[in-house]
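Colleague: I am new to this structure and would like to hear the reasons behind the labels. Please show it, and I will ask as we go.

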Amino acid sequence: MSQDSQHGKWTISSSDDDDEDLPPSGTTTPQSRLPVKSNLRSPSPVQVSVPAEVKAEPAKPAAASLMLGSEARQSAAKNQLNPVKFERSPSLAGKRKSDASEGSGWALSDSDDDDKDVKENSLRSLPKKEPSSPKTKKPKVKEERPPSPHGRLYYIDEPQDFFESSTPCLNDTYRFYLNKVTGLDKKYNTGALHIRDILSPLFGTLKESVQFNYCFDIPWMVQQYPPEFRDRPVLIVHGDKREAKARLLQQAQPFPHVRFCQAKLDIAFGTHHTKMMLLWYEEGFRVIILTSNLIRADWYQKTQGMWMSPLFPRLPADSSLSAGESPTFFKRDLLDYLASYRAPELEEWIQRIKEHDLSETRVYLVGSTPGRFVGPDMERWGHLRLRKLLYEHTDPVPGEEQWPVIGQFSSIGSMGLDKTKWLAGEFLRTMTTLGKSSSRPDPPVLLLYPAVEDVRMSLEGYPAGGSLPYSIQTAQKQLWLHSYFHRWKANATGRSHAMPHIKTYMRVSPDYTELAWFLVTSANLSKAAWGALEKNNTQVMVRSYELGVLYVPSAFNMKTFPVEKRAFPVSSSTSGFLVPFDLPPTPYAAKDQPWIWNIPYSQEPDTHGNIWIPS
C-alpha cells in the first residue's frame, strides 16, 4: 500500500492488514477511515562504509535495557538489528536481516505515542519477545559501555573544557538556555549548560533533589551528580507501571539514596512527560524546567532547552502564607501543579517551596495534568491555560494578522481528518490569542519538524530519528498537516545538525526581529499533551503530564522581546531573546518529506554510513 503526498511517497508491505482505528476516549471516528496496520517492528541502523559528511562526535547512548519509557519505545530499543553491508543495488533496498542482536541498540528517547491510534498500532506491530533466561546472561564487566551500532569508535569523550570550572557567563535576563552539544565549535557552547553543570557546586550546595521525567537511566543520572553530592537523597517522579516500573526499581537497587514517586495516570495512553528538577540547597532552592530525558543520549547531540530559576532564598520564619509570591504567581501555580499529583512523597517539597521566596520569577507556568475538567478548571491546564495567559498578559499589535505563529516540536499526535478537527478549530485559536482583542485574525502558521534529510545529515545520523516518533500510521491520515512544515535549520546557534528534542512555540513579527511571546515546554503537538475539548466545548480532556514556562514581554517591562541575532557566544552584552533555530524558517521543498520513524531509509547512508531499516 502506498501513500503519495507533496512531500514524498511512503510504502507499506501489501501483506499488512488493515485494522480498525480506535479513537481516543470521548471522540468518534467515521468507520470508513481505517489506518494501516504495519508489521514493521523497530527502526534500526544498518552500517555501510562511506565517509561522513558532517563532523560528528556521537553521544554515548544509554543501554537499551536502561532506557525506561513507553512499552513501544522499549521494544524498539531492544530489537535493533545487526549492521549489514549496504550495496548500491535495488535488490538490497529495504532488505531486512533476520537475526536480531540483543542489546546492540542505542537508547531511543522521548515517546509521545500520544493518541490511542498511534500507540495501539505501535504496540500491535511489535512482536512479543520471551525474556532471556538468566542462565544466558553475560557476566557484568565493570565500566563496560553498551555495544554501539557504530563500533567502539562511536564513543568519543567530551573535550577537556566541556564542563564549566567556574560560574559561566549566562543570560540572566531571560534565564533560557540551550544544552551543550559535542562536535560543535566551542563558541556555540559558551552560555549553554550540560546536566553536570546544572548539578555542580557552582550553583549551590545540594542537600536533596527531585527529578521529574519520562525516561530514566538511573546509574547514568547518579553519575551526573558531583562526587560530593552523589549520595544526597533523590526522589524520582515517573509514570511507569507494571514491568516498566519493576525495571526502574531494579535499576535503583545499588543506590539506596534514590526513592520513587509514581504519577497517577488515570486516563488511558497518557504519559508522565514533565521534565523538571527541584534542587534544595543549603543556600536556598532552585527550579529547572527542561526538555531532556535523564538518559545520556538526550544530553550530547540533540538540541534541548531549559529555564533555570534564580536561587530562591529562604523566607523568614514568621512570613505570611502569601509571602514570596512573584508577579506571575509562579509560586502559587507550582504548588498547584505539585498538588495535582496527590502524592504523599511530594508533601515535604510542597512545604519547602512555601518556605522560600520565589518573587524574582518572571515567567508563567503552563502545565498539563491528566483529567477531565469543567467550569473554571478548564483554564488550569493545557492549551486553555496558555490561552488564558495570552489573553490576560499580552497586548494586541498593529497588523497582527501578519505576525506568524510558530510551533516547533519533536513528535506529532493524531490531528484528525482535516485542520478544523483540532488544530485550527481549537489549538490555533489559543496560539493566535493576543491580548483582549475581539478579532481573531488568521495569521501564517509555521510548524517546524525535521525532514528526512535533516535527520540523515545530523550528528547522530539516522539514530536521531528514534527521538522523533512520528509514525506512518498517523502521518498517512493527515497529509494535510505537512503543508505547514518547515525544516530544522539552526545555523545561528550552531545546531543545524543537532536534532531538536526541544519544544518551543512563539508569535513573531513579520520581519522576524521581535517576539510577542515565547514558550518552552515538554509538550509536543498532540491532543494528549495540550488537551482536547469535549461535550460541546463544556469539558476539556488532558491525558498527560507536561510542563513549560511562558515568557511575555509585560513581565519584563517590555513591549516585545528583541530576537537575538548573534546567539553565541553569550556575553554580558547579550540582550536579545535566544531563539533556538533560524528565522525565518525554511519551508519544505517539494522533494522534502517529514521524518517518519517506522519506515525504511535505505537509499542514502547517513553521516555514520548507516541506513535505517525497520525489521
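Colleague: What makes the approach of Thr291 to His501 a polar contact?

Modeller: This is a predicted model, and in it the backbone oxygen of Thr291 lies 2.8 Å from a polar atom of the His501 side chain. The limit for such a contact is 3.5 Å between N or O atoms, so the 2.8 Å pair of Thr291 and His501 qualifies.

Colleague: Why is His501 called buried?

Modeller: Its relative accessible area is 0%. Buried means under 20%, so His501 falls in that class. His501 lies in the loop between β17 (499-500) and β18 (503-508).

Colleague: What does the UniProt record say about His501?

Modeller: The unreviewed UniProt entry places the feature "active site" at His273 and His501. The two span 229 residues in sequence, yet no two of their C-alpha atoms are more than 12.6 Å apart, so they gather at one spot.

Colleague: Where is His273, and is His273 buried or exposed?

Modeller: His273 sits in the loop between β7 (258-262) and β8 (276-281). With a relative accessible area of 0%, His273 is under the 20% limit and therefore buried. The side chain of His273 has a polar atom 3.0 Å from the backbone oxygen of Ser522.

Colleague: Which residues does the annotation "binding site" cover?

Modeller: According to the unreviewed UniProt entry, Lys275 and Lys503. These span 229 residues in sequence, but no two of their C-alpha atoms are more than 11.9 Å apart, so they too gather at one spot.

Colleague: Why does Lys275 count as buried?

Modeller: Lys275 has 0% relative accessibility, and the class takes values under 20%, so the label follows. Lys275 is found in the loop between β7 and β8, and the side chain of Lys275 reaches the backbone oxygen of His273 at 2.8 Å. That ties a "binding site" residue to an "active site" residue.

Colleague: What about Lys503: where is it, and what does its side chain contact?

Modeller: Lys503 is found in strand β18 and is buried, with a relative accessible area of 1%. The side chains of Lys503 and Ser410 are joined by a polar contact of 3.2 Å. That distance is within the 3.5 Å limit, so the pair counts.

Colleague: What makes the pair of Tyr337 and Trp381 edge-to-face?

Modeller: The count comes to 32 aromatic pairs, and Tyr337 with Trp381 is one of them. Their ring centres are 6.3 Å apart, within the 6.5 Å limit. The planes stand at 65°, and over 60 degrees counts as edge-to-face, so the name fits.

Colleague: Which parts does the pair tie together?

Modeller: Tyr337 lies in helix α6 (residues 330-339) and Trp381 in the loop between β13 and α8 (382-393), so the pair ties together parts that are 44 residues apart in sequence. Tyr337, at 1% relative accessibility, counts as buried; so does Trp381, at 5%.

Colleague: How do you know that Lys207 sits over a ring?

Modeller: Lys207 lies over the face of Trp280, at 3.9 Å from the ring centre. The distance limit is 6 Å, so 3.9 Å is within it. Arg296 also lies over a ring face, that of Tyr300, at 3.8 Å from the ring centre.

Colleague: In what order do the strands of the sheet with β13 run, and which are the edge strands?

Modeller: The order is β13-β21-β20, an open sheet of 3 strands with antiparallel pairing. The edge strands are β13 (371-374) and β20 (532-534), each pairing on one side only. Neighbouring strands of this sheet are turned by 30° against each other on average, direction ignored.

Colleague: Why do β13 and β21 count as paired?

Modeller: Pairing takes at least two bridges. There are 4 bridges between β13 and strand β21 (residues 539-542), so they pair. Val374 stands opposite Gln539 in β21. β20 and β21 pair over 3 bridges, and the bridge partner of Ala532 in β21 is Met541.

Colleague: Why do the buried residues of β21 fall on two sides?

Modeller: In a regular strand the side chains alternate between the two faces of the sheet. In β21, Gln539 and Met541 are on one side and Val540 and Val542 on the other, and all are buried, so both faces are covered.

Notes. Residues numbered from 1 in each chain as written. Predicted model: local features only at pLDDT ≥ 70, side-chain atom pairs only at ≥ 80, totals over all residues. Heavy atoms only, no water. UniProt positions renumbered as here; feature names shortened; annotations may be inferred. Buried < 20%, exposed > 50% of the residue type's maximum accessible area, 1.4 Å probe, protein only. Polar contact = N/O pair within 3.5 Å; in protein donor to acceptor, adjacent residues only side chain to side chain. Axes fitted to C-alpha atoms, helices over the stretch in contact; angles between N-to-C directions. Phe/Tyr/Trp six-rings, centres within 6.5 Å; stacked < 30°, edge-to-face > 60°. Lys NZ or Arg CZ within 6 Å of the ring centre and 35° of its normal.
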